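Me: I have a model open and I'd like to learn how to read it. Can you walk me through it?

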Amino acid sequence: MLSVVPIERRSLSDAVFDQLRQRIVGGAFGPGTTLPAERKLCELLGVNRGALREALKRLQQAGLVTVQHGGQTKVVNYRESAGLDLLPSLLLTADGAVNTEVARGVIELRTAIAEDAARLCATRADAATRRAIGELVEEMKAAGSDLGERHRLSMAFWKQIILGSGNVAYRLAHNTLMRTWEQIGGLLTQVLAPELSNLAGFRGVAKAVQAKDAAAAAKAARKLLDQGSVELFKLLDELERSGGKP
């Protein structure tokens with residue numbers, strides 16, 4: 001028997017999409033599973049066919065299901081078919097625990113993108129972007145020991161680096177990373193204190209970008225973010241021991 005929760009009448013399509021997506025990424029509906037017919041799903045979820053079809057269309061676009069000949073909707077292996085847009089919904093499990101496998105991937109992707117974006121930024125950024133990067137470092141200095149403000153400014157700093165890279169794919173990936181990061185970012189400020197307090201590290205990236213030294217910019221970015229990654233991986237180790245909850 002299909003285990004679902006009746007949908008409230010507000011935002012039907014979104015609610016159906018969210019519920020089915022969560023069951024797919026959570027493993028309740030494994031790859032190869034055929035979902036019940038539309039009429040049965042409408043009955044189980046308490047929604048109209050229009051809302052259900054819109055949700056199924058979004059699931060197909062997200063790479064979670066395929067609609068086969070005859071109208072059957074079959075779950076596919078999202079690890080082979082989905083894109084980065086799915087990342088935010090994978091970070092937390094249904095019971096609010098952190099998926100540490102996904103979190104490790106996010107941390108590694110953060111560093112990989114920032115390192116290469118800094119390299120590209122050093123050679124491609126316009127004068128306004130280079131100036132904005134330098135100004136953000138000075139704002140971080142003015143923020144003093146306020147880690148919350150430094151965290152906010154550091155995200156603005158890397159956003160400018162990404163913009164300066166001129167790489168649209170990096171920009172889109174960065175947008176997804178930020179949506180994912182926002183789910184637990186408030187918990188990470190203290191953990192990232194060594195990185196956020198490393199004003200010299202941020203200044204090193206900015207100076208290399210301003211000097212148009214691509215190799216130095218990439219090296220400085222990697223060194224700075226590795227400092228935070230070490231602390232983040234320690235946190236994930238602790239979460240794995242505690243079942244994934246802070």
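Reply: Let's go from the whole chain down to single residues. Keep in mind that this is a predicted model.

Me: Okay, how many helices and strands does the protein have?

Reply: The secondary structure comes to 13 helices and two strands. Along its principal axes, the C-alpha trace spans about 65 × 40 × 30 Å.

Me: What share of the residues counts as buried?

Reply: Buried means under 20% relative accessible area. Here 45% of the 246 residues make that cut. As for the outside, the protein exposes about 12,600 Å², with carbon and sulfur atoms supplying 51% of it.

Me: Which residues have the most contacts inside the largest nonpolar core?

Reply: A nonpolar core is a set of buried residues such as Leu, Ile or Phe, joined through side-chain atoms within 4.5 Å. The largest one here has 74 residues, and Leu 52, Leu 59, Leu 64, Phe 157, Trp 158, Ile 161 and Val 205 have the most contacts inside it. Helix H6 (residues 100-124) gives the most to this core, with 11 residues. Take Leu 64: setting aside residues up to four places away in sequence, its partners include Ile 24, Val 25, Leu 59 and Tyr 78.

Me: Now a single residue: is Ile 162 buried or exposed?

Reply: Ile 162 counts as buried because its relative accessibility is 4%. Ile 162 sits in helix H8 (residues 147-165). Leaving out residues up to four places away in sequence, Ile 162 touches Ile 113, Ala 117, Tyr 170, Arg 171 and His 174.

Methods. Residues numbered from 1 in each chain as written. Predicted model: local features only at pLDDT ≥ 70, side-chain atom pairs only at ≥ 80, totals over all residues. Heavy atoms only, no water. Buried < 20%, exposed > 50% of the residue type's maximum accessible area, 1.4 Å probe, protein only. Helix = DSSP H or I, 4+ residues; strand = E, 2+ residues; numbered from the N terminus. Contact = heavy atoms within 4.5 Å. Areas by Shrake-Rupley, 256 points an atom, 1.4 Å probe, with all protein chains shown as cover.
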